Amino acid sequence: MENNRQQVLLIKDLRMSYGEKTVLKGINLEVHKGEIIGYIGANGAGKSTTVKILLGIINDFQGEVHIFGEDISKNGVGYKGRIGYVPETAEIFDNLTAREYLTFIGEVYGLDQETVEKRSLKLMELFSISEALHGRISSFSKGMKQKLLIIASLIHNPDILFFDEPLSGLDANSVMIFKEILAELARAGKTIFYSSHIMEVVEKISNRIILLNNGEIVADGTFEELKTKSFEGSLEEIFNQLTGFKKYKEIADEFVSTIQGV
Ligand SMILES: Nc1ncnc2c1ncn2[C@@H]1O[C@H](COP(=O)(O)OP(=O)(O)OP(=O)(O)O)[C@@H](O)[C@H]1O
């Protein structure tokens, strides 16, 4: 695909510290149109921090970040309208109804009322939650909230998407729909940054996997490339190997012994 080499995101020597604690130690990355990036790493590796920097939520970082050619530290707004985001924890307005929430999001992205109404209803129908359009979000199940977050992230047809554990709470049928949506979006030239701990899914959906360890990128390539380099079978095993983790059995044994008072 000729689109594939068009640069969407460029990160140069990105560093971030919270007080004394250095979380990102010089990230360099170039991402292209149509790529589905599986962005993985152990708890606390710095994945959410990276995404928050890209979204402009954190701005006291060092280094350079360009999205669609715009330097994000210049505080332009052009690129922001082309971003969609499903956060790790849903900070959505529980007191609003789904319709009110999607209308609000639509307004933020400059969509007209009629388009928002039409898309909201249609997308909720497709995710089998249209009966909840006028229901308060506080009354939604976990999966319903997640579906609403996914709809809100896509309603303005963004060009780059950041998904943080997007399958959280979705039933098996909805997971199948969502994975297919991802593939179709990538075929349509959208770029997807997919952060998750579910290795089987990352392995299947990503066409490029980036592994962050101790604030540095320690692997970057297709699943096949990573497999060749590390001589491991599954992405889970590659992850264990590259993050230097071998002790799961001992830890589990000790965990159980501790609760049993042994
Ligand atoms: N606002 C903050 N103030 C201080 N430290 C923070 C803050 N946010 C994150 N950290 C620390 O930065 C490190 C990286 O956190 P981050 O949330 O980026 O990790 P992550 O890779 O997304 O982890 P997880 O997989 O658990 O979501 C952690 O050690 C965390 O404690």
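Two residues are taken to be in contact if their C-beta atoms, placed from the backbone, lie within 7 Å. With that in hand, a good place to enter this predicted model is helix α1, which lies across strands β1, β2 and β4 and runs at about 60° to β2. Helix α1, made of residues 47–54, also lies across β3, β7 (160–164), β8 and β9 (208–213), and its direction is at about 150° to that of β7. The strands named here belong to two sheets, which are described in turn.

One sheet is open and consists of four strands in the order β2-β1-β4-β5, with antiparallel pairing. Its edges are formed by β2 and β5 (70–71), each of which pairs on one side only. Within this sheet, strand β1 (residues 7–18) is joined to strand β2 (residues 21–32) by nine bridges, and the two run antiparallel. One of the facing pairs places S17 opposite T22 of β2. The hairpin made by β1 and β2 has two residues between the strands, and G19 adopts a positive phi near 60° there. Strand β1 is also joined to strand β4 (residues 62–67), this time by five bridges and again in the antiparallel sense. Along this pairing, L9 faces I67 of β4, while R15 is set opposite Q62 of β4.

Just before β4 in the chain comes a loop that follows α1, and D60 is found in this loop between α1 and β4. Is D60 buried or exposed? The count of other C-beta atoms within 10 Å of D60 is 8, and a residue with 12 or fewer is classed as exposed, so D60 is exposed. D60 and G81 are 21 residues apart along the chain, and their C-alpha atoms are separated by 22 Å.

The other sheet is also open, with six strands in the order β6-β7-β8-β3-β9-β10 and mixed pairing. Strands β6 (83–86) and β10 (216–221) stand at its edges with a single partner strand each, so one side of each has no neighbour in the sheet. From one strand to the next, the twist averages 15°. Parallel pairing is seen between strand β3 (residues 36–41) and strand β8 (residues 191–195), which are joined by four bridges. In that pairing, Y39 has S195 of β8 as its bridge partner. Antiparallel pairing is seen between β9 and β10, over five bridges. One of the partnerships there links N213 to E216 of β10. Strands β9 and β10 form a hairpin with two residues between them, and N214 in the turn has a positive phi of about 50°.

The interior of the model comes next. In soluble globular proteins, nonpolar side chains tend to be buried together. Here the largest nonpolar core has 59 residues, and I192 and F193 are those with the most contacts inside it. Helix α4 (residues 142–154) gives the largest share of this core, namely six residues. Which residues does F193 contact, leaving aside its neighbours within four places in sequence? They are I37, Y39, V51, L161, F162 and F163. Among these, Y39 is the residue already met as the bridge partner of S195.

A ligand is also present, and the residues around it are Y18, V23, G41, N43, G44, A45, G46, K47, S48, T49 and E88. Helix α1 returns to the picture at this point, as the largest share of the shell around the ligand, three residues, comes from α1. Sorted by class, the shell has three nonpolar, six polar and two charged residues.

Finally, S174 offers a view of another helix, since its place is in helix α5 (residues 172–187). How is S174 classed by its surroundings? S174 has 18 C-beta neighbours inside 10 Å, and a residue counts as buried at 20 or more and as exposed at 12 or fewer, so S174 is partly exposed. Not counting residues up to four places away in sequence, S174 touches F127, G143 and K147. S174 and I27 are 147 residues apart in sequence, and from C-alpha to C-alpha they are 34 Å apart in space.

Definitions and conventions:
Residues are numbered from 1 along each chain as its sequence is written. This is a predicted model: local features need pLDDT of at least 70, side-chain atom pairs count only at pLDDT 80 or more; totals for chains, interfaces and linings use all residues. A nonpolar core is a set of buried Ala, Val, Leu, Ile, Met, Phe, Trp, Tyr and Cys residues joined through C-beta atoms within 7 Å. Two strands pair if DSSP finds at least two bridges between them. Axes are lines fitted to C-alpha atoms, for helices over the stretch in contact, and angles run from 0 to 180 degrees between N-to-C directions. A residue is near a molecule or strand if its C-beta atom, placed from the backbone, lies within 6 Å of it. Ala, Val, Leu, Ile, Met, Phe, Trp, Tyr, Cys and Pro count as nonpolar, Asp, Glu, Lys and Arg as charged, and the others, Gly among them, as polar.
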